[in-house]
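Here is a friendly walk through one structure, heading by heading. Keep the viewer open and follow along.

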Amino acid sequence: YRKVCQCRKPNLGLFWKASIDFHIDIDRSFAIGDRLRDLSICNVSQCRGYLIGKTESPEIIKDIKNGGLYHVIWKPNIYECAKSIIEDNDIL
């Protein structure tokens, strides 16, 4: 597990591989996770991220709620995240 690999978090190798293998448009996709490292694709693309739950520190969650991280919003759980994706986005 100490091997450096582009396929392991927080590296983006698996995001790019999946986008090629499955013809995914990353810029029209969503990343969902309970840690910021799960949303690292949002830093280099137009992919919209949802940080869910309270696994991250209260300071990070507060910063995201205040718009401190581009393309990432906080939701308390996966249900609220799914509702947001359906209600707030007309691309589905």
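## A serine before the first strand

Ser 29 lies in the loop that runs between α1 and β1. The model you are looking at is a predicted one. Is Ser 29 buried or exposed? With a relative accessible area of 14%, Ser 29 is buried, because buried means under 20%. Once neighbours within four places in sequence are set aside, the contacts of Ser 29 are Ile 24, Cys 47 and Arg 48.

The loop between α1 (13-21) and β1 also holds His 23. The phi of His 23 is near 55°, a positive value in a residue other than glycine. His 23 is exposed, at a relative accessible area of 72%.

## Strand β2 and its partners

Strand β2 covers residues 48-52, and four of its five residues are buried. On one pairing, β2 runs parallel to strand β1 (residues 30-33), and four bridges join the two. If you would like to find this pairing in the viewer, start from Phe 30, whose bridge partner in β2 is Arg 48. Arg 48 is also one of the contacts of Ser 29.

β2 also pairs with strand β3 (residues 72-75), again in the parallel sense and over four bridges. Here Leu 51 stands opposite Trp 74 of β3. What handedness does the β-α-β unit made by β2, helix α2 and β3 have? The unit is right-handed, with α2 spanning residues 58-65.

## An aromatic pair across two strands

How many aromatic pairs does the structure hold? There is one. Phe 30 and Tyr 50 form it in a tilted arrangement, with 6.2 Å from centre to centre and 45° between the planes. The pair links distant parts of the chain, since Phe 30 belongs to strand β1 and Tyr 50 to strand β2, 20 residues apart.

The accessibility of each ring's residue can be set side by side. Phe 30 is partly exposed, with a relative accessible area of 23%, while Tyr 50 is buried, at 4%.

## The nonpolar core

Which residues make up the largest nonpolar core? It has 12 residues in all: Leu 12, Ile 26, Ala 31, Leu 39, Ile 41, Cys 42, Cys 47, Leu 51, Ile 61, Ile 64, Val 72 and Trp 74. Both α2 and β3 supply at least two residues of this core. In soluble globular proteins, nonpolar side chains tend to be buried together.

Ile 64 is a good place to look at the core from within its list of members. Leaving aside neighbours within four places in sequence, Ile 64 is in contact with Leu 36, Leu 51, Leu 69, Val 72, Ile 73 and Trp 74. Among these contacts, Leu 51, Val 72 and Trp 74 are also core members.

## Strand β3 and the turn into it

The side chains along β3 alternate. Val 72 and Trp 74 point to one face and are buried, whereas Ile 73 and Lys 75 point to the other face and are not buried. Trp 74 has a charged companion too: the charged end of Lys 65 sits over its ring, 4.3 Å from the ring centre.

Just ahead in the loop between α2 and β3 is His 71. Its phi is positive, at about 75°, although His 71 is not a glycine. Is His 71 buried or exposed? His 71 is buried, with a relative accessible area of 16%.

## A cysteine in helix α3

Helix α3 spans residues 78-88 and includes Cys 81. Cys 81 counts as buried, at 0% relative accessibility. Beyond its neighbours within four places in sequence, Cys 81 is in contact with Ile 32, Tyr 50, Ile 52 and Lys 75. Tyr 50 is the β2 member of the aromatic pair, and Lys 75 is one of the β3 residues that are not buried.

One C-alpha distance is handy for orientation. Cys 81 and Gly 49 are 32 residues apart in sequence, and their C-alpha atoms are 9.7 Å apart in space.

Technical notes. Residues are numbered from 1 along each chain as its sequence is written. This is a predicted model: local features need pLDDT of at least 70, side-chain atom pairs count only at pLDDT 80 or more; totals for chains, interfaces and linings use all residues. Side-chain values use heavy atoms; hydrogens and water are left out. Buried means under 20% relative accessible area, exposed over 50%, partly exposed in between (1.4 Å probe, protein chains only). Two strands pair if DSSP finds at least two bridges between them. A crossover is right-handed if, with the strands pointing away from the viewer, the path from the first strand over the helix to the second runs clockwise. A nonpolar core is a set of buried Ala, Val, Leu, Ile, Met, Phe, Trp, Tyr and Cys residues joined through side-chain atoms within 4.5 Å. Contact means heavy atoms within 4.5 Å. Rings of Phe, Tyr and Trp (its six-membered ring) pair if their centres lie within 6.5 Å; planes under 30 degrees apart count as stacked, over 60 as edge-to-face and the rest as tilted. A charge sits over a ring if NZ of Lys or CZ of Arg is within 6 Å of the ring centre and within 35 degrees of the ring normal.
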